[in-house]
Amino acid sequence: MERPATDILATKAAIRSHIRGEIVEGKLAPGVKLPSRRVLAKQFRTTLVTLQRAMDALAGDGFLDARGPAGTFVVDNPPHLCRYGVVFARQESSAEFWPRFWHVVRDEAGRLHRPNERELAIFYDDGGHTDSAEYQRLLSDVERHRVAGLIFTHDVVGLASSPLLKVPGIPRVAMMEPAASVAIPAVAMEVESFVRLSLDYLASRGRKRLAILCVANQLGQREAVLAAAAARQMITRPYWVHELPLPAERVSQSVVHLLFSGEACVRPDALLIMDDNLVPAAMKGLVAAGVSAPADLDVVAHANFPEMLPTPFPVWRVGFSIRQVLNTCMDSIDRQRRGAAFAMVTRLPAISQDDEDVFEGFGT
């Protein structure tokens, strides 16, 4: 007697869930050969057709490899071990502004991809909007254990109640300062080392009058930057420190134009740009003011390496290796999955454009 369609679907789902669970739990190791279809059909008390549908679904999910007469095998690199989900808050096409940081993370994720060995899959949580197709695609892969873990490229506080942070057995890590309300590992960029490298360079160039450009989430670091500048006998003025909105290129350009339009003896002779999103507009402002580097001033700009945006005159870059950030996140996920010790907070030090690691592996 033919089973009702609902029973067949339920059996298919149960078979799929069971075999996937055996693989995820390590009971079926990578590369191992599964019993024959007839043996499995008997084991699950189902038809060969239903079993085949379940096996096809698992192959589509990346867990099994059907090799014809040779049989069916667990793939050598199943997704729960080697497919890392890199999650962005929103899609570039639907956003008014997409930070340079996200561009570089996406590009480096592509460079770190190794066919049939390691995949960094791009996802979007769409701000936690559970009804969006992208969110549902991500959640489906999480629930089916089609990711080794999730790497969030943004603050996850807004996702505190999302299933993305609650599905068990999925390691997670976020590129952010740690948040008390969301207890997941964080990989943060060490601002203190960025400031130290930047100001040491400007001081070594004999610069004494410092202007600072930052964005909204960096203004709280102002006192630390000013203290570090004072320790190097550099001076600044309240009207030389500007918090600039994103995106607002015209405003940013105008502010820099105004900053450097005075007499050489009274205007800043050093400019620290603390966010790479501000670099293009700042350069236009300097050109409009008629100054040049290094004749009139030295400029230090933040960079998400290996990207260094082109500029009309020399700019010294200080920032962070996005490849190192991604590798640190993947290492945290691997440690969590193996049950090994892992850090809840990892702070990565800044590097300069002269560091030999800046372009390591670039283009490979």
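**Exercise 1. Find how strand E8 is joined to strand E10 and to strand E9, and name a bridge partner in each.**

Four bridges join strand E8 to strand E10 (residues 270-273), and the two strands run parallel; strands here are DSSP runs of E with at least two residues, helices are runs of H or I with at least four residues, and both are numbered from the N terminus. Two strands pair if DSSP finds at least two bridges between them. Within E10, Leu271 is the bridge partner of Ala211. Turning to strand E9 (residues 241-244), four bridges join E8 to E9, again in a parallel arrangement, and His242 in E9 is the bridge partner of Leu213.

Before going on, note that this is a predicted model, in which local features need pLDDT of at least 70 and side-chain atom pairs count only at pLDDT 80 or more, while totals for chains, interfaces and linings use all residues. Residues are numbered from 1 along each chain as its sequence is written, and side-chain values use heavy atoms, with hydrogens and water left out.

**Exercise 2. Decide how many residues of E8 are buried, and which way their side chains point.**

Strand E8 (residues 210-215) is mostly covered, since six of its six residues are buried; buried means under 20% relative accessible area, exposed over 50%, and partly exposed in between, with a 1.4 Å probe and protein chains only. In a regular strand the side chains alternate between the two faces of the sheet. In E8, Leu210, Ile212 and Cys214 point one way, whereas Ala211, Leu213 and Val215 point the other way, and all are buried.

**Exercise 3. Follow the chain from E10 to E11, and then find the strand E12 that is joined to E11.**

Four bridges join E10 to E11, which run parallel, and the partner of Leu271 in E11 is Val299. Between these strands the chain passes through helix H10 (residues 279-289), and this β-α-β crossover is right-handed, a term used if, with the strands pointing away from the viewer, the path from the first strand over the helix to the second runs clockwise. Strand E11 (residues 298-305) is mostly covered, with eight of its eight residues buried. Six bridges then join E11 to strand E12 (residues 316-321), and these two run parallel, with His302 standing opposite Val318 in E12.

**Exercise 4. Describe the aromatic pairs of Phe88 with Tyr124 and of Trp98 with Trp102.**

A search of the whole structure finds six aromatic pairs, where rings of Phe, Tyr and Trp (its six-membered ring) pair if their centres lie within 6.5 Å, and planes under 30 degrees apart count as stacked, over 60 as edge-to-face and the rest as tilted. The centres of the Phe88 and Tyr124 rings lie 6.0 Å apart with their planes at 35°, so this pair is tilted. The pair links distant parts of the chain, because Phe88 belongs to strand E3 (residues 83-88) and Tyr124 to strand E4 (residues 119-124), 36 residues apart. Trp98 and Trp102 form an edge-to-face pair, at 5.5 Å centre to centre and 75° between the planes. Phe88 is buried at a relative accessible area of 0%, Tyr124 is buried at 13%, Trp98 at 7% and Trp102 at 6%. Phe88, Trp98, Trp102 and Tyr124 form one aromatic cluster.
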